[in-house]
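Please walk me through this structure, one place at a time. I would like to know how its chains meet and what spaces lie in it.

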Amino acid sequence: MAPVMSRRAALKGLIMTTTALALPGVVLGREYGRGAGVPWEPGAADIPYYGTRDEGFLTEAELTTVRAIAARIIPSDEDGPGAAEADVVTFIDRQLAGFYGRGQHWYMQGPFHEGLSTQGYQSEHPPAQLYRLALPELDTYCDAQYGSRFSSLSEANQDAVLTGLDEEEITFETVSAKTFFDLIVENTIEGFFADPIYGGNRDMIGWRYVGFPGARYDYRDFVGHNGARIDLPPVSLMGGPHWTRQ
Amino acid sequence: MRNSVILAALAAAGLVAGTAQAQELAYSQVERGRYLVTAGNCAACHTDMENDGTPFAGGRGLDTPFGVIYSRNLTPDEETGIGLWSRDDFYRAMNEGVNREGQQLYPAFPYTYFTIMPREDVDAVYDYLRTLEPVRAEIPENELPLPLRFRPAVAGWKMLFFEDREFVPDPAQSDAWNRGRYLVDGPTHCGACHTGKNLLGGDREAEYLRGGTLENWFAPNIRGGENGGLAQWEIGDIVEFLRDGRARHTAPMQRMGEVVGLSTQHMTQEDLEAIAIYLKSLNDEPPQAADPITEDRVAAGRSIFFDECAACHAADGSGVPYIFAPLDGSNKLTAEDPSTVIRIILEGAQAVPTEAALGPLAMPAFDWKLSDEQIADVVSYLRQAWSNNAIAVSASDVADMRSYLEEH
């Protein structure tokens, strides 16, 4: 490619620039001049995508493994509820079935390099595919090492396997075991704290655990509260039990 | 038309003072007509708004309780419009509700109001309509049940509900009051929406401007005196609402938004004040006392309000005047017929953009996240919160509106 811009290209660029400058004025004038063109119509709320029970990606076997992994990442113990009570697996299953699972919002063309940890997700496989490839390899490893699949191992052995993934002592053939581990940790935390509308954080259990009041957006009434504790029941995008007659 | 403008301008400059006088009168006559056509908001019904129709070319389907009636073409097209109509024909339609062919007109065309307009005003409207570009526009057949397709039936209706009246000023009242009453009862035909109708679609005198239901909207009570729907509105508030499309209490939304956008914002300050002065003189009966709702409904309704509504409307119901409607004392919220408030919660609402207020403030729809019972509880709670004291609504009221909206 010649470093010097051809006259034609320069001309085209000029036209593009002037059009770009002129167009918004015209469009804005017509569409927004009196506000009449601002897109709004009755009954057309922008409902968040959250999937439904029918939309799942994982097979029964995969669900069992993911459920078991999540239950070790956020365990249920005397300190409080874990991924099991929050139904994190449903959250992950729906996410993998949707645009997130397809990596639709990411640049997913090559070249694929390992990248630095600060560079985010670098796998050539979209998240759903990464799960699909990693989970059988995990069970194969567990079977070879302990004679049973991951979900049937003792908690101590499960923790040992997960630690092995995290510290890159265990590797998979088709995908990076570390990448899978990092992703499922992230997804488990998301499933524990995301709005219940997305399937996890059931009954806002994660929010109740940390005392987060949920999807509220106005605290004017508490501006002068002087550091006192605000006790508000958590509220999801779909409300909460306190919205129904008791 | 253009000649007359030029001549009028010359006349104003004093150059051809004598000969131009007739022309100047014609010009001012047309302008007077244009103003009345704007005040009467003829364009709203006589333009196919939903399909970007040509102004005044008709074809908008009016969804009356009796069926769909399509508005006529008011442009001077000879075949499909009123091109062949004489001044007398037009006056007869406005004054008596009879068309050029002598057929009865359905009172969806509000001649029951226009009948009080003096001949000079009606002629001015005619003269203005004659200046429009003729547009050929075939109007669809009305969709009415068989007995109503028989136009002479309207003659019987008229015997019951129509009186060919003249406007008689009340000498005991001010000029402004009389002007306001003339506008309200005549050209601007406020009662067409704001006066309750009987089962045959006639105005109920006892319901004069006490609010009416139309296409599942409740046009609120606009009596401004004691106990009236606008009792808490000052004259200036009413003027701001009609002129700017923004007022302390609320903004015109879907239906009234059209009226303010097309009509009242273009009216003179004097006329808007006159309307306000007249409305403020109308007292009303005290509202029926409401039975308080049960504690469990209060608790659920208050929670929904605090979590979902209070960010804009403020926890104490004071709102943000001119932007987010205060709910304490809102006549839309506490209206006898709760259709509007239920509907706005279900499908949202947008304040009309006007010359004075370009920003189209909108309220989002809640139909996807609130159940019928939840909406009934929050509406009932709000109708009795603070100084409000209106009758509760039921989940089935909400369910009815929800299914109506799904069908429309």
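What follows is a short tour of a predicted model. The tour begins where the chains touch, then turns to the spaces, and ends with the backbone.

Start with the contact between chain A and chain B. Chain B brings 33 residues to the contact, and chain A brings 27. Together they bury about 2500 Å². Carbon and sulfur atoms give 57% of that area. On the side of chain B, look for B:Asp307, B:Ala311 and B:Trp368. These three residues supply 25% of the area that chain B buries against chain A. No other three residues supply more.

Now look at the links across this interface. The rule finds three salt bridges between chain B and chain A. B:Glu373 forms a salt bridge with A:Arg245. Their closest N and O atoms are 3.8 Å apart. There are also 10 residue pairs in polar contact across the interface, with both residues at pLDDT 80 or more.

Which elements of chain B give two or more residues to the side that touches chain A? They are α14, β5 (349–350), β6 and α16. Helix α14 of chain B gives the largest share, with 12 residues. Sort this side of chain B by class, and you get 18 nonpolar, five polar and 10 charged residues.

Next come the spaces. The structure holds one cavity of 30 Å³ or more. Its volume is about 60 Å³. Which residues line this largest cavity? Chain A gives A:Arg216, A:Tyr217, A:Asp218, A:Tyr219 and A:Leu232. Chain B gives B:Phe306, B:Asp307, B:Ala310 and B:Ala311. You have met two of these names already: B:Asp307 and B:Ala311 are also among the three residues that supply 25% of the area chain B buries against chain A. By class, the cavity lining has six nonpolar residues, three charged and no polar ones.

Turn now to a pocket. The second largest pocket has a volume of about 1000 Å³. It is lined by 50 residues. Closest to its centre are B:His313, B:Ile344, B:Met363, B:Pro364 and B:Phe366. Four elements of chain B give two or more residues to the lining: α14 (295–313), α15 (339–347), β6 (362–363) and α16 (372–383). Three of these names appeared at the interface too: α14, β6 and α16 of chain B also give two or more residues to the side that touches chain A. The pocket lining divides into 35 nonpolar, seven polar and eight charged residues.

Finish with the backbone. Find A:Pro111 in the loop between α4 (88–97) and α5 (127–146) of chain A. What kind of peptide bond joins A:Gly110 and A:Pro111? The bond is cis, with omega about 0°. In chain B, go to the loop between α2 (21–39) and α3 (42–45), where B:Asn41 lies. Its phi is near 55°. That is a positive value in a residue other than glycine.

Conventions. Residues are numbered from 1 along each chain as its sequence is written. Chains are lettered from A and ligands numbered from 1 in the order in which they are written. This is a predicted model: local features need pLDDT of at least 70, side-chain atom pairs count only at pLDDT 80 or more; totals for chains, interfaces and linings use all residues. Side-chain values use heavy atoms; hydrogens and water are left out. On a 1 Å grid over the protein atoms alone, a cavity is a set of points where a 1.4 Å probe fits but cannot get out, and a pocket is an open set with protein on both sides within 12 Å along at least five of seven lines; lining residues have an atom within 4 Å of a point. Grid points are joined across faces, edges and corners, and a volume is the space filled by probe spheres set on the points. Ala, Val, Leu, Ile, Met, Phe, Trp, Tyr, Cys and Pro count as nonpolar, Asp, Glu, Lys and Arg as charged, and the others, Gly among them, as polar. Contact means heavy atoms within 4.5 Å. Buried area is the accessible area (1.4 Å probe) that two parts lose on being put together, summed over both. A salt bridge is a side-chain nitrogen of Lys or Arg within 4 Å of a carboxyl oxygen of Asp or Glu. A polar contact is a pair of N or O atoms within 3.5 Å; within protein, one must be able to donate a hydrogen and the other to accept it, and residues adjacent in sequence count only if both atoms are side-chain atoms.
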